[in-house]
Amino acid sequence: MANQNPSSDSSSDASGQIKLGKSSDRQGENKKLSPSTPGNSQKNGKPPRKNYHSRKPRAKHSHHSEETQPKQHGYPKSKLVSSTEEESDLIYGRHSVIAALQNQHQLNRVWIISQLRYDPRFHSLLVQAKANGTVIDEVAPKRLSQITKGGNHQGVAAQIASYNYIDLNDLIDKAKWATEQPVLLACDGINDPQNLGAIIRTAEALGAQGLVIPQRRAVGVTSTVRKVAAGALETFPIARVVNLSNALEQLKTAGFWIYGTAAGTGKLLHKVDLTGSVVLVIGSEGNGLSLRSQSCCDMLISIPLQGKTPSLNASAATAMVLYETYRQRWSDLLYIDSTSNEQIVKQ
C-alpha cells in the first residue's frame with residue numbers, strides 16, 4: 001500500500017496485503033501459494049547475484065579518478081560509507097536522549113545546554129553516563145544547532161554507538177517467552193528512514209515483540225530512524241537478516257503464521273483471524289511486497305479503502321494492521337471487563 005509520505009516530497013507506496021490461511025486453509029486453497037524453496041532463484045530464471053570481489057581492477061591507463069586513489073576492496077564505496085554512518089549516529093531531542101540515558105545505551109558524547117544540565121530529568125542520568133565513560137559537553141544553543149544541522153534539538157544531543165541487532169533465533173525465543181500470542185513485524189525493503197522509524201514507534205507502542213529487516217536494499221537503524229522512533233528502539237528488538245525469505249521460512253518452522261500486506265488483492269483485513277503467533281510482512285514504498293516474500297506468506301491481506309486514494313503509506317498501513325491484530329486479542333478482555341462492571345453496578 002502506498003501513498004504520499006507526509007515527511008517527504010517523493011511518493012511512498014507500501015503494499016497492504018497479507019497472505020493468511022489457518023488450519024485447513026494452508027492445506028487447501030493456499031497450496032497455490034506454497035513457499036518457494038530457499039536458494040531457488042536460479043531455477044526461476046533469475047541471474048546469480050554479482051560478486052563485487054570478482055570485479056577486475058581497472059587498467060592503469062584508465063582516465064578515471066580511481067587511478068590516483070587506493071583501491072577499495074570488497075563492497076563499493078557507497079556501501080562502506082553507509083555502514084560507517086551507522087557506526088556512530090547522532091540523536092537529539094529530549095525524549096530520545098532521555099530514553100537512551102535511562103536504558104544505559106552506549107553514548108560516546110552528550111551535548112547539552114546549561115539550562116538543562118542540572119535539570120532533574122537529566123542530572124542524575126548524566127552523572128551515571130559520565131561514570132560509564134560518556135563525555136558531557138555543556139554548549140550554547142547555537143553550537144547545538146550547528147551539530148544537529150538545524151534540527152529541533154530541544155537543548156540536547158548525543159552521539160550514540162551503532163545499534164546492536166539481535167539474532168533471529170534470539171528474537172523468536174524472546175517473543176515466545178514474552179507472550180503466548182507473539183506478534184512480529186517484517187519489513188520487505190523499506191528504504192525511507194521516516195517510515196521505518198514510524199513503524200517501530202507504532203509497533204512498540206501497541207506491544208509487538210520485535211521486527212525483522214533485510215540487510216540489502218533496505219534502510220537500517222540510522223539517526224533519523226532513532227529520532228522518529230522517539231525512544232522506542234531502547235526496548236524494541238530488531239533482527240537484521242541476510243535473506244528475508246529464508247527468515248520467513250524459519251519463522252514458519254517456529255510456529256508463526258505469516259501474513260503479507262498487498263494492496264487490493266488479499267483477503268479483507270477485518271475478515272482475517274489474526275490470533276495466535278503471527279508475523280505481519282510490510283512491503284516497500286513503491287514496489288510493495290516482493291513476489292518472493294508473497295510466496296512465503298500463508299495468506300495475503302488488504303485494507304479496504306473507500307475513498308479515491310488507491311493505497312496507504314507504509315507506516316499508516318502498518319498501524320492499521322497492527323491495531324486490528326491487537327483488537328482481536330483485546331476483544332475477550334474487554335468483554336470480561338464490561339461484564340465485571342455490569343455486575344458491580346447491579347450489586
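The questions and answers below concern a predicted model and take up one helix, three loop residues and the cysteines.

Reader: What span does helix α8 reach from its first C-alpha to its last?
Author: Helix α8 covers residues 193-206 and has 14 residues. At 1.5 Å a residue the expected value is 20 Å, and the distance from the first C-alpha to the last is close to that, at 20 Å.

Reader: Which residue caps the N-terminal end of α8, and which residue follows the helix?
Author: Beyond the far end of α8 comes G207, whose phi is positive, near 110°. At the N-terminal end, a side-chain oxygen lies 2.9 Å from the backbone nitrogen of Q194, and the residue that provides this oxygen as a cap is D192. The residue that follows α8 is therefore G207, and the N-terminal cap is D192.

Reader: Which residues of α8 are buried?
Author: An α-helix has 3.6 residues a turn, so residues three or four places apart point the same way. In α8 the residues that count as buried, with under 20% relative accessible area, are N195, L196, G197, I199, I200 and A203.

Reader: Is Q181 buried or partly exposed, and to which backbone nitrogen does its side chain come within polar contact?
Author: Q181 sits in the loop between α7 (168-178) and β7 (183-188), and because its relative accessible area is 32%, Q181 is partly exposed. Leaving aside residues up to four places away in sequence, Q181 touches Q209, T275, G276 and R329. A polar atom of the Q181 side chain lies 2.7 Å from a backbone nitrogen, that of G276.

Reader: What is the phi of Q154, and what is that of A230?
Author: Most residues other than glycine have a negative phi. Q154, in the loop between α6 (141-147) and β6 (156-161), is partly exposed at a relative accessible area of 36%, whereas A230, in the loop between α9 (223-229) and β9 (238-241), counts as buried at 16%. Neither is a glycine, yet phi is positive in each: Q154 has about 60°, and A230 is near 55°.

Reader: How many disulfides does the structure hold, and how far from C297 is the nearest cysteine sulfur?
Author: The number of disulfides is 0. C297 is in no disulfide, because a pair of sulfur atoms would have to lie within 2.5 Å. C297 counts as buried at 2% relative accessibility, and C187 likewise counts as buried, at 1%. For C297 the nearest cysteine sulfur belongs to C296, at a distance of 6.9 Å.

Notes: Residues numbered from 1 in each chain as written. Predicted model: local features only at pLDDT ≥ 70, side-chain atom pairs only at ≥ 80, totals over all residues. Heavy atoms only, no water. Helix = DSSP H or I, 4+ residues; strand = E, 2+ residues; numbered from the N terminus. Expected span 1.5 Å × (residues − 1). Buried < 20%, exposed > 50% of the residue type's maximum accessible area, 1.4 Å probe, protein only. Polar contact = N/O pair within 3.5 Å; in protein donor to acceptor, adjacent residues only side chain to side chain. Contact = heavy atoms within 4.5 Å.
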